[in-house]
Amino acid sequence: MADTDLLFPADDSTDTKPAKGPVLPANLEAEAAFLGAVLIDNKVIEELTTPLMAEHFHEPVHQRIYERVLRLLDRNSVATPVTLKPYFESDEALKQLGGVTYLAQLTADGQGLLHPRELAEQIYDLALLRELVSVGRNLVEGALDTSDEVEPLRKIEQAEADLYRVAEGASTGSEAQTFRKAAFGALEVVQAAMNSGGRFSGKTTGLDTINDKTSGLHNSDLVILAGRPAMGKTSLATNIAFNAARRLMDDEKSGIEREKSPGAGVAFFSLEMSADQLATRILAEQAEISSEKLRSGKLSREEFQRLSFASQELTDLPLFIDDTPALTIGALRTRARRLKRRHDIGIVIVDYLQLLQGSGRASDNRVNEISEISRGLKTLAKELHVPVIALSQLSRQVEQREDKRPQLADLRESGSIEQDADMVWFIYRAEYYHNALKPDTPDETSSEEVRMKYAEWEARHLELVNKATLIVAKQRHGSTGNVPLLFHSEITKFSSPDVRHYDDYE
């Protein structure tokens, strides 16, 4: 027996009828019954709990009918076989089903009115199954295709992205949206700002001065938070993460719907610090105990009680910390999608950008690799429809200038970071640099000149102590300028002063 006989055994039967291939999951009768229910009673659509769109129908004619129904309802018109008739008199595909009389046939028995929600759910579920079939087909074809570079991890990441899209109910046919839909989305953002008292429309940072300047954190935005070491980048990011998560937790306990809360669940990817170190910072901030005391264990009974109370109070905090080291941008996006699917996170924070790795294709060129990472973070923000805050290091040239305030040119290793970012924030503390100039403390033998010099330094120190400035160097949808902050270094906590003159602040 030849080897090919094992793979393709001979068919001795005389039946020459071709075998039927797999059929895509669909229920045309359910689609027709649901459309009939809608044409009899338009209010059926208002009562749906399933986000049913025209592209979820399998039959193209049904897609066009449902799309026209939605358009009529948007104009506050009535959708019936009679009002639909002018739009379908020249529809060739409908003629094959009997012409415009098919519209009347849909409403003939009215069976769909008995269970329209169940019909809508079935149509929606079958559409997702068809999309899943498409994802599976593409996955198999991609895995079998070895004509290009063999990159299994990249194919797995793409498959996870496609599966996430299906899980979210997205359809490849709904990538572009009409201006009408986009305009409604814009109006919702404006309404959110009005509901907040005209203060901010995005997710809250928990810091009033930042919210005032930026209107909060906006979905699909990439925010770069940069600064030199010891400026407080991680502290500010941790504060924002806690504030947003705490607001969501408190709002949900008060009965406010998640969608209406300015708070958010947060995914914090810490490539530098461990999860317990970040948790220590948060507990120190809330219990108002210095991190140094927590690490050394030198706590009074009263301080330990405050710490214990803070930890119990934050048990349900929707803050998820991933401290996996050496993540690639692809792996980070995969993990973020998973957290979005499981916990509906609303903010992603990455500490910090330069510790991420690229796909490997551009690893021989660090500038290209950073460009790939910044583009990947922006893509993640748009894909998950959440703000992404990425911390970034600044180049050493800041230290070589007399004026230590950071500038956009100081962003380290790639100009694409500035290009991809919707906002660029620099954290700057003049107190840190002033402390480095501290002269020797005078004693009884010191000269008058030494005493005067120290007195001048001390007076300036009192002006700068606990002050910090967030420099908004780029804001795609607003103005730039300085945002005043207070920094309590003992408990690594930022707060907002009662100051609104941003540009005059240190």
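**Notebook: salt bridges in the predicted model**

I looked first at helix H12 (residues 233–253), where aspartate 250 and arginine 246 lie four residues apart and are therefore separated by about one helical turn. The model I am reading is a predicted one. I then looked up the contact itself: the side chains of arginine 246 and aspartate 250 form a salt bridge, with 3.1 Å from N to O.

Is arginine 246 buried or exposed? I noted a relative accessibility of 18% for arginine 246, so this residue counts as buried, because buried means under 20%. Its partner, aspartate 250, is partly exposed at a relative accessible area of 32%.

I next asked which residues are linked in a network with Arg246. Asp250 and Glu313 are joined with Arg246 in a network of salt bridges.

I turned to glutamate 252, which forms a salt bridge with arginine 258. The closest N and O atoms of this pair are 3.1 Å apart. I recorded glutamate 252 as partly exposed, with 37% relative accessibility, and arginine 258 as partly exposed too, with a relative accessible area of 25%.

My next entry concerns helix H15 (residues 301–313), in which glutamate 302 and arginine 306 are four residues apart, which means a separation of about one helical turn. I found a salt bridge between these two residues, with the closest N and O atoms 2.6 Å apart. Glutamate 302 is partly exposed, with a relative accessible area of 43%; arginine 306 is partly exposed, with 28%.

Finally, I asked how many salt bridges the count comes to. I entered the total as 17 salt bridges.

Note on methods: Residues are numbered from 1 along each chain as its sequence is written. This is a predicted model: local features need pLDDT of at least 70, side-chain atom pairs count only at pLDDT 80 or more; totals for chains, interfaces and linings use all residues. Side-chain values use heavy atoms; hydrogens and water are left out. A salt bridge is a side-chain nitrogen of Lys or Arg within 4 Å of a carboxyl oxygen of Asp or Glu. Helices (H or I, at least four residues) and strands (E, at least two) are DSSP runs, numbered from the N terminus. Buried means under 20% relative accessible area, exposed over 50%, partly exposed in between (1.4 Å probe, protein chains only).
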